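Student: I would like to learn how to read a protein fold from its coordinates, one feature at a time. Could you take me through an example?

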Amino acid sequence: EKLVQTLIKQYSSEKIRLSHSVDVDDLWFPIDISTPCGLILNEFIVNALKYAFVGRETGKIKVLITGLKDNEITMSVSDDGVGMPEGFDVSKSKSMGYHLIKNLSEIQLDGSLDINSSNNGTTITVKFKKQ
């Protein structure tokens, strides 16, 4: 909650009214898991704040972290913004932020990265097994 509030305060314009929700299971992570998770969430949220609501007066960001059975963790950030450019491929992106997200998700957390986007918003999800 505090991370989302701080980033909204730093990155959003006074011209847009943003709402947010944070739904996080009561989970405990060792430092080698919590650090990449924090970096990934920060990058997801900042990208949404910088790009999702261009030309809009309102917007919503939702953060969800759940611990599923078999120690699988799902971490996602959704927005109701303009969506990503058509044909966007994170593996071909020149953005350092997306390379950071991809590498932290797939290499450090040994997980998967999924991006779903339309003109109704974007959801970026990382799934990984808690060791």
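Tutor: We will go through the sheet, the helices, the core and a few single residues in turn. Please keep in mind throughout that this is a predicted model.

Student: Let me begin with the sheet: how many strands does the open sheet have, and in what order do they stand?

Tutor: As a general idea, the strands of a sheet pair through backbone hydrogen bonds, either parallel or antiparallel. Here an open sheet of five strands has the order 1-2-3-5-4, and its pairing is mixed. Strand 1 and strand 4 (112-118) stand at the edges, and because each has a single partner strand, one side of each is left without a neighbour in the sheet. From one strand to the next, the twist averages 10 degrees.

Student: Which sense of pairing joins strand 4 to strand 5, parallel or antiparallel?

Tutor: Strand 4 and strand 5 pair in the antiparallel sense, over seven bridges, and a hairpin joins the two through two residues. Within this pair, Asn116 stands opposite Thr123 in strand 5. Strand 1 and strand 2, by contrast, run parallel and are joined by eight bridges, with Ser19 standing opposite Lys60 in strand 2.

Student: Where does one look for the burial of a helix, and which residues of helix 1 are buried?

Tutor: An α-helix has 3.6 residues a turn, so residues three or four places apart point the same way. In helix 1 the buried residues are Val4, Leu7 and Ile8. They cover an arc of only 100 degrees around the axis, which puts them on the same side of helix 1. These buried residues pack against strand 1, helix 2 and strand 2, whereas the face turned away from the buried side carries the exposed residues Lys2, Lys9 and Gln10.

Student: What do helix 2 and helix 3 touch in the sheet?

Tutor: Helix 2 packs on the sheet and touches strand 1, strand 2, strand 3, strand 4 and strand 5, and its direction makes about 15 degrees with that of strand 3. Helix 3 lies across strand 4 and strand 5, running at about 135 degrees to strand 4.

Student: Which elements supply the largest nonpolar core?

Tutor: In soluble globular proteins, nonpolar side chains tend to be buried together. The largest nonpolar core of this model has 31 residues, and those with the most contacts inside it are Phe44, Val126 and Phe128. At least two residues each are supplied by helix 1 (2-11), helix 2 (31-52), strand 2 (58-67), strand 3 (72-79), helix 3 (96-108) and strand 5 (121-129). The largest share, ten residues, comes from helix 2. To see how one member is surrounded, take Val126, which, leaving aside residues up to four places away in sequence, touches a set that includes Ile40, Phe44, Ile73, Met75, Leu109 and Leu113.

Student: How many aromatic pairs does the structure hold, and why is the pair of Phe29 and Phe128 called stacked, edge-to-face or tilted?

Tutor: There is one aromatic pair. The ring centres of Phe29 and Phe128 are 6.2 Å apart and their planes lie at 45 degrees, so the pair is tilted, since planes under 30 degrees apart would count as stacked and planes over 60 as edge-to-face. The pair links distant parts of the chain, with Phe29 in the loop between strand 1 and helix 2 and Phe128 in strand 5, 99 residues apart. Phe128 counts as buried, at 2% relative accessibility.

Student: Is a residue in a strand buried or exposed, taking Ser76 and Asp23 as cases?

Tutor: Ser76, in strand 3, has a relative accessible area of 7% and is buried, because buried means under 20%. Beyond its neighbours within four places in sequence, Ser76 is in contact with Lys62, Val63, Leu64, Thr123, Ile124 and Thr125. Asp23, in strand 1, is partly exposed, with a relative accessible area of 43%. Asp23 touches Val63, Leu64 and Ile65, not counting residues up to four places away in sequence; Asp23 and Leu64 are 41 residues apart in sequence and 4.9 Å apart in space, C-alpha to C-alpha.

Student: Finally, which loop holds Asp110, and what is its phi?

Tutor: Asp110 lies in the loop between helix 3 and strand 4, and its phi is near 55 degrees, a positive value in a residue other than glycine. Asp110 counts as exposed, at 60% relative accessibility. Asn71, in the loop between strand 2 and strand 3, likewise has a positive phi, of about 60 degrees, although Asn71 is not a glycine.

How values were computed. Residues are numbered from 1 along each chain as its sequence is written. This is a predicted model: local features need pLDDT of at least 70, side-chain atom pairs count only at pLDDT 80 or more; totals for chains, interfaces and linings use all residues. Side-chain values use heavy atoms; hydrogens and water are left out. Helices (H or I, at least four residues) and strands (E, at least two) are DSSP runs, numbered from the N terminus. Buried means under 20% relative accessible area, exposed over 50%, partly exposed in between (1.4 Å probe, protein chains only). Contact means heavy atoms within 4.5 Å. A nonpolar core is a set of buried Ala, Val, Leu, Ile, Met, Phe, Trp, Tyr and Cys residues joined through side-chain atoms within 4.5 Å. Two strands pair if DSSP finds at least two bridges between them. Axes are lines fitted to C-alpha atoms, for helices over the stretch in contact, and angles run from 0 to 180 degrees between N-to-C directions. The arc is that of the directions from the helix axis to the C-beta atoms. Rings of Phe, Tyr and Trp (its six-membered ring) pair if their centres lie within 6.5 Å; planes under 30 degrees apart count as stacked, over 60 as edge-to-face and the rest as tilted.
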